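Could you walk me through this model in the viewer, one selection at a time? I'd like to know what to click on next and what I'll find there.

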Amino acid sequence: QVQLVESGGGLVQPGGSLRLSCAASGGMFRINSMGWYRQAPGKQRELVARVTSGGSTVYADSVKGRFTISRDNAKNTAYLQMNSLKPEDTAVYSCKVVGIIIATLVPFEYWGQGTQVTVSS
């Protein structure tokens, strides 16, 4: 079974930066995409950014130019660099990993436990 470990959330002032990381482990698998989603109180969960194994990226319009997603395939780890943070970025950020188990070719989708990001002065 694939395990995900997220880190990097916290409290930051408006205009500040944070970097989130999501590391996958737990066996022989191939990851097709890794992404970050967020959910603010009273709102639906939304895609923030996603990166494929080939390096293609997708960003929510609200974070373009401020957030950068990257991936270290050797470490099965994705990073989300968040700059120029705004109060409206406050949310629980969760990592989602999509891939397949190599031995069985069974696809999987796993979510991390979530990490709180609070942007406030």
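Here is a tour in a handful of stops, through a model that is predicted.

**Stop 1: the open sheet**

Start by colouring β1, β3, β8 and β7. These four strands form an open sheet, and β1-β3-β8-β7 is their order across it, with antiparallel pairing. Now look at the two ends of that order. β1 (3–7) and β7 (67–72) are the edge strands; each has a single partner strand, so one side of each has no neighbour in the sheet. If you sight across the strands, the twist from one to the next averages 15°. As background, strands of a sheet pair through backbone hydrogen bonds, in either a parallel or an antiparallel arrangement.

**Stop 2: along β1**

Keep β1 selected and switch on its side chains. In a regular strand, side chains alternate between the two faces of the sheet. β1 shows this alternation: Leu4 and Glu6 point to one face and are buried, while Gln3, Val5 and Ser7 point to the other and are not.

Click on Glu6 for a moment. Is this residue buried or exposed? Its relative accessibility is 7%, so Glu6 counts as buried. Then add Trp111 to the selection: the C-alpha atoms of Glu6 and Trp111 are separated by 9.9 Å, with their positions 105 residues apart along the chain.

Next, bring in the neighbour strand. β1 and β3 run antiparallel and are joined by five bridges. One pair to pick out is Leu4 and its bridge partner in β3, Ala24.

**Stop 3: the other edge**

Jump over to β7 and β8 (residues 77–82). They run antiparallel too, with six bridges joining them. Select Asp72 and you'll find Thr77 of β8 standing opposite.

The loop between β7 and β8 holds Asn76. Check its backbone torsions: phi is positive, about 50°, although Asn76 is not a glycine. For context, most residues other than glycine have a negative phi. With 21% relative accessibility, Asn76 counts as partly exposed.

**Stop 4: the disulfide**

How many disulfides does a search of the whole structure find? It finds one. Select Cys22 and Cys95, which are joined S to S at 2.1 Å. The two cysteines come from distant parts of the chain, 73 residues apart: Cys22 sits in strand β3 (residues 18–25) and Cys95 in strand β9 (residues 91–101). The torsion about the S-S bond of Cys22 and Cys95 is about -80°, so this disulfide is left-handed. Turn on a surface and try to find either end: Cys22 has 0% relative accessibility and counts as buried, and Cys95, also at 0%, counts as buried.

**Stop 5: β11 and its partners**

Now colour β11 (residues 115–119), the strand that contains Thr115. Its side chains alternate: Thr115, Val117 and Val119 point to one face and are buried, whereas Gln116 and Thr118 point to the other and are not. Thr115 has a relative accessibility of 13%, so it counts as buried. Add Leu20 and put a distance label on the C-alpha atoms: Thr115 and Leu20 are 8.6 Å apart there, though 95 residues apart along the chain.

Two pairings of β11 are worth displaying. With β2 (residues 10–12) it pairs in the parallel sense over three bridges, and Val12 has Val119 of β11 as its bridge partner. With β9 it runs antiparallel, joined by three bridges; here Val92 stands opposite Gln116.

**Stop 6: a second positive phi**

Move to the loop between β9 and β10 (107–111) and select Leu105. Its phi is near 60°, a positive value in a residue other than glycine. Leu105 has a relative accessible area of 60%, so it is exposed.

**Stop 7: the largest pocket**

Finish with the largest pocket, which has a volume of about 160 Å³. Which residues lie nearest its centre? Select Arg38, Ala40, Lys43, Glu46 and Glu88; they are part of a lining of 13 residues. Colour that lining by class and you'll get seven charged residues, four polar and two nonpolar.

Definitions and conventions
Residues numbered from 1 in each chain as written. Predicted model: local features only at pLDDT ≥ 70, side-chain atom pairs only at ≥ 80, totals over all residues. Heavy atoms only, no water. 1 Å grid on protein atoms, 1.4 Å probe; cavity = no way out; pocket = protein on both sides within 12 Å on 5 of 7 lines; lining within 4 Å. Points joined across faces, edges and corners; volume = space filled by probe spheres on them. Nonpolar A, V, L, I, M, F, W, Y, C, P; charged D, E, K, R; others polar. Pairing = 2+ DSSP bridges. Axes fitted to C-alpha atoms, helices over the stretch in contact; angles between N-to-C directions. Disulfide = S-S within 2.5 Å. Buried < 20%, exposed > 50% of the residue type's maximum accessible area, 1.4 Å probe, protein only.
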